[in-house]
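User: I would like to go through this model step by step, with some questions about its strands and helices.

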Amino acid sequence: MALKLSPTCQELLELQHGVIARWQIAQAGQGVRLVDPQLHNSRWQALYRGVYATFTGQPTRIALLWAAVLRAGPGAALSYDTAAELDRLIDKQGSCIHVTVGPARQVTLSGYECHGSVPKIIVHRSARLDQARHPARTPPRTRIEETTLDLVQASPRLDQALAWLASACGRRLTTPQLLLSSMAARPRLRWRVELIGALTDVSDGIHSVLEWHYVRDVERGHGLPRAKRQAVSRVGGRTRYLDNHYREFGVAVELDGHAAHPVAARWRDIRRDNASAEAGIVTLRYGWADVTAGPCRVAAEVAQVLRRQGWQGHLRSCGPGCAAASA
């Protein structure tokens with residue numbers, strides 16, 4: 001005999017990719033006794049305690065995400081790496097599923113749920129969950145600004161924290177202004193001054209931590225003129241973007257954060273540099289080690305080229321032991 005579910009349950013199953021929780025069945029006014037026969041006859045399968053897939057076979061990723069957030073109970077939301085995965089802030093699936101609940105909710109996972117075939121659930125608690133949860137997106141998740149700041153605060157180093165800000169804005173998932181607004185709502189925030197300063201630079205066109213290091217430690221730290229970030233360059237009908245363009249002096253500084261540069265990417269850089277030369281732009285190219293380990297040397301080199309192109313300024317010492325100004 002075909003199982004008859006209430007219209008509410010049917011709507012939930014359609015929304016939740018065939019997954020439903022025992023507490024949802026009860027809330028829909030349907031008897032939960034219908035569950036056990038379905039499990040016994042292998043028509044349904046238990047994904048987590050009290051959460052079921054109403055189909056056989058391997059659950060999809062989205063079905064597992066629904067199952068995890070339903071396991072955490074009403075009002076829970078996917079968060080951290082999992083919310084970042086859903087909103088394309090990161091490009092890979094995590095081995096665990098992160099869920100945030102309110103401060104009063106207790107979620108106790110059984111050994112099977114922690115070591116079974118389904119992904120492990122990592123539970124976070126937040127007193128701001130009602131404000132942090134996105135009002136409409138499904139599965140329930142935190143807003144992209146809250147997700148970004150959660151990852152920022154979980155970062156072991158400032159560089160990694162800044163990378164999340166740059167990535168969220170560089171992928172056009174949010175804006176520095178929205179992130180600043182969310183930061184203001186958090187009374188306790190690590191690196192607040194540094195993050196606010198970095199977001200100002202992100203508004204100016206910085207898309208990576210390496211670019212931030214260049215602006216802070218090379219350009220600003222040594223008194224170089226201010227470049228245009230992500231400047232548009234059109235040569236031969238093609239449009240290119242220059243990381244740092246000193247337009248008045250015809251100089252561009254390109255930055256590459258990859259430790260190993262694939263051959264195809266190297267040739268692409270060469271073609272870009274050649275196109276810039278055709279447009280009368282002198283290109284300097286630096287990597288992560290150049291900017292982070294030798295900012296004074298990089299500043300001296302950039303200043304030397306700028307002077308040849310007409311810059312009349314002077315380098316400023318970034319601190320004791322700085323060799324850039326004397327060079």
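User: How many bridges join strand 2 to strand 3?

Analyst: The model is predicted. In it, strand 3 covers residues 51-53 and runs antiparallel to strand 2. The number of bridges that join the two strands is three.

User: Which residue of strand 3 stands opposite Ala46?

Analyst: Strand 2 spans 45-48, and strand 3 spans residues 51-53. The residue of strand 3 that stands opposite Ala46 is Tyr52.

User: Which strands stand at the edges of the sheet, and why is one side of each left without a neighbour?

Analyst: The sheet is open, and its three strands have the order 1-3-2 with antiparallel pairing. Each edge strand has a single partner strand, so one side of it has no neighbour in the sheet. From one strand to the next, the twist averages 35 degrees. The edge strands are strand 1 (19-21) and strand 2 (45-48).

User: Is helix 8 roughly parallel or roughly antiparallel to helix 9?

Analyst: Helix 8 (residues 144-154) packs against helix 9 (residues 158-170) at an angle of about 160 degrees, and their axes are 8 Å apart. Angles over 145 degrees count as roughly antiparallel. Therefore helix 8 is, relative to helix 9, roughly antiparallel.

User: How many residues of the contact of helix 8 with helix 9 are nonpolar?

Analyst: Helix 8 contributes Thr148, Leu149, Leu151 and Val152, while helix 9 contributes Ala161, Trp164, Leu165 and Ala168. One residue of the contact is polar and none is charged. The number of nonpolar residues is seven.

Notes: Residues numbered from 1 in each chain as written. Predicted model: local features only at pLDDT ≥ 70, side-chain atom pairs only at ≥ 80, totals over all residues. Heavy atoms only, no water. Pairing = 2+ DSSP bridges. Helix = DSSP H or I, 4+ residues; strand = E, 2+ residues; numbered from the N terminus. Axes fitted to C-alpha atoms, helices over the stretch in contact; angles between N-to-C directions. Parallel < 35°, antiparallel > 145°, perpendicular 65-115°, else oblique. Contact = heavy atoms within 4.5 Å. Nonpolar A, V, L, I, M, F, W, Y, C, P; charged D, E, K, R; others polar.
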